[in-house]
Amino acid sequence: MPLSPEGLVKAKELVASYPKPRSAMLPLLFLVQAEEGYVSPGAVAEVADILGVTKAEVGAVATFYSMYHRRPAGKYVVSVCRTLSCQMRGSDEVTAALLERCGTELRGTTGDGLVTVEEVECLAACDGAPVVQVNYENYERVTPEQATELASALLRDEVPPPTFAAAGSVTEPSSAAAYWRLAGLGEPPSRLTGRPEPEPVPASALPDQPVAPTDHDDPTTRSAEELRGGVDHGGAPGGAPLPAPDAEAPTPAQAGEPSTAKAGGTRRARSRPKREQTPSVEDSAGEREAEAPQRAGKRNGRRRPRGETHEQAGPHEREAPGGEPQ
Ligand code: FES
């Protein structure tokens, strides 16, 4: 069985922390990798057994993600990003320098079991291209010369601190410790890190925790009647409660206000003069008749086309000396 007794206990904790057992598949694969150094066929069978799924389902996941190794990986897993930004900034040369210094092939491990070199897709730090990771911590803007120095340090079993990393970041001293963290199990045990076990913190030294909100503090759990009281809406304490949505609103007369009809009448009275200024259809027709001779005079006063004689113009367009049509 690939999992140790401690690993089995952790596996059960992981499964219990998810609503469905199969949701724990990725953490379990990291756990077996922390224990074994890779995902062996036996580990695939054990994870399938724990989760109640088929070996094919576990194997499909284990072969899909590049962070699961199907062969034993080194103490230091060196991942070089080969995606566009990093490739344009010289990732091929960085990989070549690492492989040459380690004397191994891609995804191979040095004879002493210290270093595995692999290529991966974008590590989401493109502004630091070319990006290299050691046990999943970033080393950015790495030149081939720096890659050779990095490999030399790892082969001496030394881990340089990550570059361009957030304050306090450390590179895990073994890939097994990194996989333990990736399983979501927190601080790796000393057998994986070589660090002394952290001292347990006494409860008295822990800071006071804020009191957890109760259901009553959450407005979404209050009843509609309680919320209508207005206490959660920032209103003045003791203010009038909001009316229920199905309650009839008081009529203006009940409220002692001028009725809507009266208010509307006022609006109509104001707008009436505007409408009275608007001529009626009959008025418009009369005005058009009165204006007709003037318009006809203007039409008859048009400029005659070049070459047209007075006689050639139609009788309706012949003008009397006074400008009136004949
Ligand atoms: S392309 Fe290399 S980190 Fe994004």
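In helix H7, the residues Ala147, Leu150, Ala151 and Leu154 are buried, where a residue is called buried if 20 or more other C-beta atoms lie within 10 Å of its own, exposed if 12 or fewer, and partly exposed in between, with C-beta atoms placed from the backbone. Seen down the axis of H7, these buried residues fall within an arc of 95 degrees, so they line one face of the helix; the arc is that of the directions from the helix axis to the C-beta atoms. On the other side of H7, Glu145 and Ser152 are exposed.

The model is a predicted one, in which local features need pLDDT of at least 70 and side-chain atom pairs count only at pLDDT 80 or more, whereas totals for chains, interfaces and linings use all residues. Residues are numbered from 1 along each chain as its sequence is written. Helices (H or I, at least four residues) and strands (E, at least two) are DSSP runs, numbered from the N terminus.

**Helix H7 and its surroundings**

Helix H7 has 12 residues (144–155), which at 1.5 Å a residue should span 16 Å, and its end C-alpha atoms are indeed 16 Å apart; the expected span is 1.5 Å times one less than the number of residues. The cover over the buried residues of H7 includes strand S1 (76–81), helix H6 (91–102), strand S2 (115–120), strand S3 (132–134) and strand S4 (137–139), with two residues taken to be in contact if their C-beta atoms, placed from the backbone, lie within 7 Å. One residue that reaches H7 in this way is Leu98, which touches Val78, Val80, Val117, Ala147 and Ala151 when residues up to four places away in sequence are not counted.

**The nonpolar core**

Leu98 is also listed, together with Leu28, Leu29, Val47, Val78 and Val132, among the residues that touch the most other members of the largest nonpolar core, which holds 52 residues. A nonpolar core is here a set of buried Ala, Val, Leu, Ile, Met, Phe, Trp, Tyr and Cys residues joined through C-beta atoms within 7 Å. The largest share of this core, 7 residues, comes from helix H2 (residues 25–36). Domain 1 (5–64) and domain 2 (76–169) both contribute residues, so the core lies between them; the domain bounds come from an automatic or database domain assignment.

**Helix H8 and Ser190**

Helix H8 (residues 175–182) is mostly covered, with 6 of its 8 residues buried, namely Ser175, Ala176, Ala177, Ala178, Tyr179 and Trp180. The elements covering these buried residues include H2, S1 and H9. Ser190 has its place in helix H9 (residues 190–193), and the C-alpha atoms of Ser190 and Ala177, which are 13 residues apart along the chain, are separated by 9.0 Å. Leaving aside neighbours within four places in sequence, Ser190 is in contact with Arg195, Pro196 and Glu197.

**Loops and backbone geometry**

Most residues other than glycine have a negative phi, and most peptide bonds are trans. Against that background, the following backbone features may be listed.

| Residue | Backbone feature | Place |
|---|---|---|
| Ala124 | positive phi, about 65 degrees | loop between S2 and S3 |
| Asp157 | positive phi, about 65 degrees | loop between H7 and H8 |
| Gly184 | positive phi, near 85 degrees | follows H8 |
| Pro130 | cis peptide bond with Ala129, omega about -5 degrees | loop between S2 and S3 |

Ala124 is exposed, with 10 other C-beta atoms within 10 Å, and Asp157 likewise counts as exposed, with 12 C-beta neighbours inside 10 Å. Met67, in the loop between helix H4 (55–64) and S1, counts as partly exposed with 19 C-beta neighbours inside 10 Å. Met67 and Gln33 are 34 residues apart in sequence and 9.7 Å apart in space, C-alpha to C-alpha.

**The chain as a whole**

The protein chain contains 12 helices and 4 strands, and 25% of its 326 residues count as buried. Among contacts in the chain with a separation of 6 or more, 54% are accounted for by residues 24 or more positions apart. The mean pLDDT, which is the predictor's confidence in each residue from 0 to 100, is 77 for the chain, and 64% of the residues reach 70 or more. Over residues 296–301 pLDDT stays under 50, and the model has 6 contacts beyond four places in sequence for them. Over residues 313–326 the pLDDT is likewise below 50, and this stretch has 16 contacts in the model beyond near neighbours in sequence.
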